[in-house]
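Got your viewer open and a hand on the mouse? Let's take a walk through this one together, one selection at a time.

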Amino acid sequence: PTLPRLTPTSNDAYHGFMKEPVTIIHPINGCDDSFNLLRTLLEVNPQYVILYNAEVSFVRQLEVYAADGNDLSVYFLVYKDSAEEQGYLTALKKEKQAFEVLVKEKANLILPKLNPSEIKEQSNLQVQGAQPLVDPRIQ
């Protein structure tokens with residue numbers, strides 16, 4: 001009697017039981033969990049990611065994953081000079097402008113110069129003078 005040959009399922013691939021290259025399609029749109037992609041990346045540990053619908057937030061999550069020491073290559077499937085490409089580039093431009101505004105605002109902040117002993121005194125005063133907030137409806 002011969003045993004039936006077991007064929008690996010996508011669940012096996014998902015949990016790392018397969019040695020051969022596996023393709024996993026993971027939809028991103030329509031998910032309410034903003035860290036779903038990052039959690040999936042940590043579980044599957046892919047070497048390659050192909051984005052069909054590139055969004056800046058997904059690219060940033062991929063960057064966080066790669067910055068953690070994971071070897072990752074990311075590819076974009078997009079038509080040259082298409083509306084999708086222009087939308088992605090516009091989003092990148094807006095993100096860059098917002099970051100530049102933050103840098104300029106921080107450069108213009110006025111911060112008092114305090115020596116370390118004054119900082120410690122101020123933090124002690126804040127803790128001692130703090131009063132707990134009590135909702136009068138609860139009493």
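Start with a term you'll need straight away: pLDDT is the predictor's confidence in each residue, on a scale from 0 to 100. That matters here, as you're looking at a predicted model. Averaged over the protein chain, pLDDT comes to 75, and 65% of the residues reach 70 or more.

**Stop 1: the whole chain**

Colour by confidence. Select residues 10–14, which form helix H1: confidence is lowest there, with a mean of 55. Now select residues 83–107, helix H4, where confidence is highest, at 92.

Switch to a cartoon view and follow the chain from the N terminus. You'll pass through elements in the order α-α-β-α-β-α-α, which makes five helices and two strands. Of the 139 residues, 13% count as buried. If you turn on the surface, about 12,600 Å² is exposed, and carbon and sulfur atoms supply 58% of that.

**Stop 2: the nonpolar core**

Hide the surface again and select Leu41, Val49 and Leu62. These are the residues with the most contacts inside the largest nonpolar core, which has 13 residues. Which elements give two or more residues to this core? Select helix H2 (36–44), strand S1 (48–51) and helix H3 (56–67) to see them. H3 gives the most, with five residues.

Zoom in on Val49. Leaving aside residues up to four places away in sequence, Val49 touches Leu41, Leu62, Leu72, Ser73, Val74 and Tyr75.

**Stop 3: a nonpolar patch outside**

Next, pick Ile50, which is also a residue of strand S1. Is Ile50 buried or exposed? Its relative accessibility is 56%, so Ile50 counts as exposed, since the cut-off for exposed is over 50%. Add Tyr48, Tyr52, Tyr75 and Leu77 to your selection: together with Ile50, they make a nonpolar surface patch of about 660 Å².

**Stop 4: the salt bridges**

How many salt bridges does a search of the whole structure find? There are two. Select Arg60, Glu63 and Glu95, which are linked in a network of salt bridges.

Look at Arg60 and Glu63 to begin with. Their closest N and O atoms are 2.9 Å apart. Both belong to helix H3, and because they are three residues apart, about one helical turn separates them.

Now turn to Arg60 and Glu95, whose side chains meet in a salt bridge at 2.4 Å, N to O. Arg60 lies in helix H3 and Glu95 in helix H4, so this pair ties together parts that are 35 residues apart in sequence.

How covered are these three residues? Arg60 counts as partly exposed at 26% relative accessibility. Glu63 is partly exposed too, at 40%, and Glu95 counts as partly exposed at 31%.

**Stop 5: Thr40**

For a last selection, go to helix H2 and click on Thr40. Its relative accessibility is 12%, so Thr40 counts as buried; the cut-off for buried is under 20%. Not counting residues up to four places away in sequence, Thr40 touches His26 and Asn45.

**Before you close the viewer**

Zoom out and think about contacts across the protein chain. Among those with a separation of 6 or more, 53% are between residues 24 or more positions apart.

Definitions and conventions
Residues are numbered from 1 along each chain as its sequence is written. This is a predicted model: local features need pLDDT of at least 70, side-chain atom pairs count only at pLDDT 80 or more; totals for chains, interfaces and linings use all residues. Side-chain values use heavy atoms; hydrogens and water are left out. A nonpolar core is a set of buried Ala, Val, Leu, Ile, Met, Phe, Trp, Tyr and Cys residues joined through side-chain atoms within 4.5 Å. Buried means under 20% relative accessible area, exposed over 50%, partly exposed in between (1.4 Å probe, protein chains only). Helices (H or I, at least four residues) and strands (E, at least two) are DSSP runs, numbered from the N terminus. Contact means heavy atoms within 4.5 Å. Patches are made of residues with over 30% relative accessible area and no salt bridge: like charges are joined within 9 Å, nonpolar side chains (Val, Leu, Ile, Met, Phe, Trp, Tyr) within 5 Å. Accessible areas come from the Shrake-Rupley method with a 1.4 Å probe; for residues, only the protein chains shown count as cover. A salt bridge is a side-chain nitrogen of Lys or Arg within 4 Å of a carboxyl oxygen of Asp or Glu.
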